[in-house]
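Biologist: I've just opened this one and would like a quick tour. Can you take me through it, one question at a time?

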Amino acid sequence: MSEFLSPPKNIDRWLGIGLSMLMGLVALLLILIVAFLASEAWPVIQGDSWARFFNSDGWYPLENKFGLLPMLWATLAVSVGAVVLAFPLGLGSAIFIEYYAPRVIGKPFSSVVTLLAGVPSVVFGLWGLTELVPLINNVHPPGASLLTAILVLTLMILPTISLTSRSALSSLPAHLLQNSAALALSKKSMIVGVLVPTASKGIVGGVLLALVRALGETMAVLMVAGNVVQTPSGLFDPVRVLTANIALEMAYATGEHRAALFASGLLLMVLVICVVWMTSRLSSGEVNGYD
Amino acid sequence: MLSKSLTLLLTLYIVFAGTAVVHAKGNTRLVLTGSSTVAPLALEMAKRFEKSHPGVRIDVQTGGSSRGVVDARTGRADIGMASRSLNQSESDLFSHTIAFDGISIILNKSNPINSLSNVQIQNIYTGKIRNWYQVGGPKMPITVVNKAEGRSTLELFLHHFGLKNSNIKASVIIGDNQQGIKTVSGNPGAIGYVSVGAAEFEEGYGTPIKLLPMSSPLSRPLNLITKQAPDGLAKQFILFAQSSEVNDLIEEQYFVSLAAPSK
């Protein structure tokens, strides 16, 4: 693209320099955060003491047991469960708003979805704790469980998936619609056969973004998941996720316990970096996957 | 360019790191950090103290008893707050009791059980009793609510009942008192333990919980911690916090004042 632009003027040069400085600052901040986490966690990861995180039976810092695996599985189960539920709902609502809804319904509906994205997580948590937990407790005590956490998280990431899917769909070029119409395709086969597959990279990118949000969510999950450290074996088991572990204990931790919490933060960071790396590989093509 | 931004960042870092450690050492400002149980009380005491001592500023920050002890030792706070006695490794510090708090076992109000023996409570928390009918109640599974590691409430509870945290079979683990009360009030089969002050306050407010009478009181001192024998402003504040001038504040928060330590 740049060869079509007019030769750089002085102002452009300065703008470029300024922007790259800002970029450098952002990148540096991220590096500093990871370095900070690593240095705080160093006392418990140096040498072979990190092995404790994976072979201890459980998390009892007062008794020097620092097993992180149950919480890692719980974090993955909660996040993946929420994405599995939110994906069809989010994509469905995006398709509905974009192609089916009459203006009178579509407009308010889409602003409701946007509003849902803005609800603070602690409000979702409060609602889950006072309404959803007693409800599920009637089915299977204690109510605070993997299932409750998945349901609350689903509501929280649904707008992310819906909004990104919708923007992926709406930025498809008009000739796709025109060509499909010219071929006399039905609306259904047009959406399933042409539009959604073409926008798939953008949609999948949104799903991974939602997954990152789910992995990092703390407050709402802390309030409804029960926070018992155990490997989940059923939907009604109370579980503790990595973020909730840090939030519950950080203010009260000293010494090795504190360092172990930083180590669980580091583990979470690695997990998120993996997902983001996958996202960037998937969307390395054209924006929104159209090419 | 990178070096420029690095310098800027380092400057910021040093400035912020500095504010955390360097606070006015003069005798017009006091920093208190620590127990979230003591903090609301200390805050009210500080407000009253500031009124009668113009020009004095007292900062109260929460972060748990362990943090209060560590901050008092490292000098990050002038006074630490702890809702427990000092343990052996902390005996070099000075503690000043300002009030007492109890821990109470709470049940949902709809639960017909009105008392439990210590052995029954031990068996419930270790998973040997899993249903209320085993202690004379209705057929209803028990939801055991336990506290997260590092809380002094948990330590006192474990110590009192002679339990180890790894032996407790919890169904829900909570952070602060409020979360515990919400969990128990929303679940008919739940049992939990929280600060008596918080529980009585919520019960009086109409929250559907009830406090179980205890065969032996589960109480703990609320302490202010200093590194050395206090002097100057810190000493004035500690004496003020221990005086009868603040009894009404202590009672407002459902704690027990020093005048009546046996409850």
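Biologist: Which element of chain B has the lowest mean pLDDT?
Modeller: This is a predicted model, where local features need pLDDT of at least 70, side-chain atom pairs count only at pLDDT 80 or more, and totals for chains, interfaces and linings use all residues. Residues are numbered from 1 along each chain as written, chains are lettered from A in written order, and side-chain values use heavy atoms, leaving out hydrogens and water. With pLDDT as the predictor's confidence in each residue, from 0 to 100, and helices as DSSP runs of H or I with at least four residues, numbered from the N terminus, the top mean in chain B goes to α4 (residues 118–125) at 93. The lowest, at 48, belongs to helix α1 (residues 2–21) of chain B.

Biologist: Where in chain B is the pLDDT below 50?
Modeller: Where pLDDT is low, the predicted coordinates should not be read in detail. Chain B as a whole averages 83, but the pLDDT drops below 50 over residues 14–25 of chain B.

Biologist: How many salt bridges cross between domain 1 and domain 2 of chain A?
Modeller: An automatic or database assignment sets the bounds: domain 1 is 2–50 and domain 2 is 52–282. A salt bridge needs a side-chain nitrogen of Lys or Arg within 4 Å of a carboxyl oxygen of Asp or Glu. A:Arg258 and A:Glu40 form one, with their closest N and O atoms 3.0 Å apart. Across this interface the rule gives a count of 1.

Biologist: What area is buried between those two domains of chain A?
Modeller: Buried area is the accessible area (1.4 Å probe) that two parts lose on being put together, summed over both. In domain 1 of chain A, A:Leu37, A:Val44 and A:Trp50 lose the most to domain 2, together 46% of what that side buries. Carbon and sulfur atoms give 76% of the total, which is about 1,100 Å².

Biologist: And what area is buried between chain A and chain B?
Modeller: Counting contact as heavy atoms within 4.5 Å, 31 residues of chain A and 32 of chain B take part. In chain A, A:Met21, A:Leu62 and A:Tyr252 lose the most area to chain B. Carbon and sulfur atoms give 66% of the buried area, which is about 2,700 Å².

Biologist: Which element gives the most to the side of chain A that touches chain B?
Modeller: Several elements of chain A supply at least two residues each, including α5 (121–139) and α11 (242–249). The rule finds 0 salt bridges across this interface. The most, with 6 residues, comes from α1(A).
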